[in-house]
Amino acid sequence: GPSVAADYVSFTHAVLAMSSCALTGPVIFLVESGTYTEQITIPDIVGTSATNTITFRSQALDSTVVQLTWPSSTTASNDYTIRLNGVDRIIFDRISIARSGSNNYANVVDYAAVSNAPGSQFTRITHCRLSGTTSASPTNGSLITTSTNAINDSTRFDHCRFERGGYGINWNNFSLGEKLLVEDNVFVDQA
């Protein structure tokens, strides 16, 4: 966060730190209030397990005071705020994740990995606010999307507010046995 007491000044710095070492226990990032204008890709992190989870949580326990945002784009290659690229056992808790601007490419969270390979497993987005642009087309402005045929198993979205965007959840390429739980969410103003 922005204070001098923060261990990491951004989500990007926290991800880089995890990527350079193996987890040996659960990790919780208590994110300070503020707006973080950044685009992050989270790769597979060595050491994640049922015990060794990764959590990004609003320190204030209020999704309206921590905002992770990235401007919409004119190209598909820049089409996400968060890209989960094979990371397992990650939780986003009480954070606003958004796209701003008026360009067509405005996906918010993208589950991406190598096609037909394990994607991100056991992920959870809970008590978050996901906001898209009002100009997003249904195909290019999803709040949650899968951009490859990776196998993203045991995924959970609960107690979230999905605002604007093309689709709230655009979950493509379901594989046999994949588990997706969508529970107690509110969807408002999707195209």
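This report describes charged and aromatic side-chain contacts in a predicted model.

## Salt bridges in the model

The structure contains nine salt bridges. One of them joins Asp93 and Arg57, whose side chains approach to 2.7 Å, taken from N to O. Asp93 belongs to strand β7 (residues 90-93) and Arg57 to strand β4 (residues 54-58), so this salt bridge ties together parts of the chain that are 36 residues apart in sequence.

The two partners can also be described by their relative accessibility. Asp93 has a value of 5% and therefore counts as buried, because buried means under 20% relative accessible area. Arg57, at 24%, counts as partly exposed.

## A network of charged residues

A further salt bridge is formed by Asp158 and Arg124, with 2.8 Å between the closest N and O atoms. Asp158 is found in strand β13 (residues 155-158) and Arg124 in strand β10 (residues 123-126), so the contact ties together parts that are 34 residues apart in sequence. Asp158 is buried, its relative accessible area being 0%. Arg124, by contrast, is partly exposed, with a relative accessible area of 28%.

Strand β13 takes part in another contact of this kind through Arg156. The side chain of Arg156 meets that of Glu183 in a salt bridge of 3.3 Å, N to O. Glu183 lies in strand β16 (residues 180-183), and the pair links distant parts of the chain, 27 residues apart. Both partners are partly exposed: Glu183 has a relative accessibility of 31%, and Arg156 has one of 29%. Through salt bridges that share partners, Arg124, Arg156, Asp158 and Glu183 are joined into one network.

## Aromatic pairs

The structure also holds nine aromatic pairs. In one of them, the ring centres of Tyr8 and Phe29 are 5.8 Å apart and the ring planes meet at 70°, so the pair is edge-to-face; the reason is that planes over 60 degrees apart count as edge-to-face. Tyr8 lies in the segment before α1 (11-19) and Phe29 in strand β1 (residues 27-31), and this pair links distant parts of the chain, 21 residues apart. Tyr8 counts as partly exposed at 34% relative accessibility, whereas Phe29 counts as buried at 12%.

The rings of Phe162 and Phe187 are arranged in another way. Their centres are 4.5 Å apart and their planes are at 10°, so this pair is stacked. Phe162 is part of strand β14 (residues 161-163) and Phe187 is part of strand β17 (residues 186-188), so the pair ties together parts that are 25 residues apart in sequence. Phe162 counts as buried, at 0% relative accessibility, while Phe187 counts as partly exposed, at 39%.

## An aromatic cluster and a charge over a ring

Tyr8 and Phe29 also belong to a cluster. Ring pairs link these two residues with Phe11, Tyr36, Phe56 and Phe92.

One contact brings a charged residue together with an aromatic ring. Arg89 lies over the face of Phe122, at 3.8 Å from the ring centre.

## Summary

Asp93 and Arg57 form a salt bridge, and a network of salt bridges joins Arg124, Arg156, Asp158 and Glu183. Among the aromatic pairs, Tyr8 and Phe29 are edge-to-face, whereas Phe162 and Phe187 are stacked.

Terms used. Residues are numbered from 1 along each chain as its sequence is written. This is a predicted model: local features need pLDDT of at least 70, side-chain atom pairs count only at pLDDT 80 or more; totals for chains, interfaces and linings use all residues. Side-chain values use heavy atoms; hydrogens and water are left out. A salt bridge is a side-chain nitrogen of Lys or Arg within 4 Å of a carboxyl oxygen of Asp or Glu. Helices (H or I, at least four residues) and strands (E, at least two) are DSSP runs, numbered from the N terminus. Buried means under 20% relative accessible area, exposed over 50%, partly exposed in between (1.4 Å probe, protein chains only). Rings of Phe, Tyr and Trp (its six-membered ring) pair if their centres lie within 6.5 Å; planes under 30 degrees apart count as stacked, over 60 as edge-to-face and the rest as tilted. A charge sits over a ring if NZ of Lys or CZ of Arg is within 6 Å of the ring centre and within 35 degrees of the ring normal.
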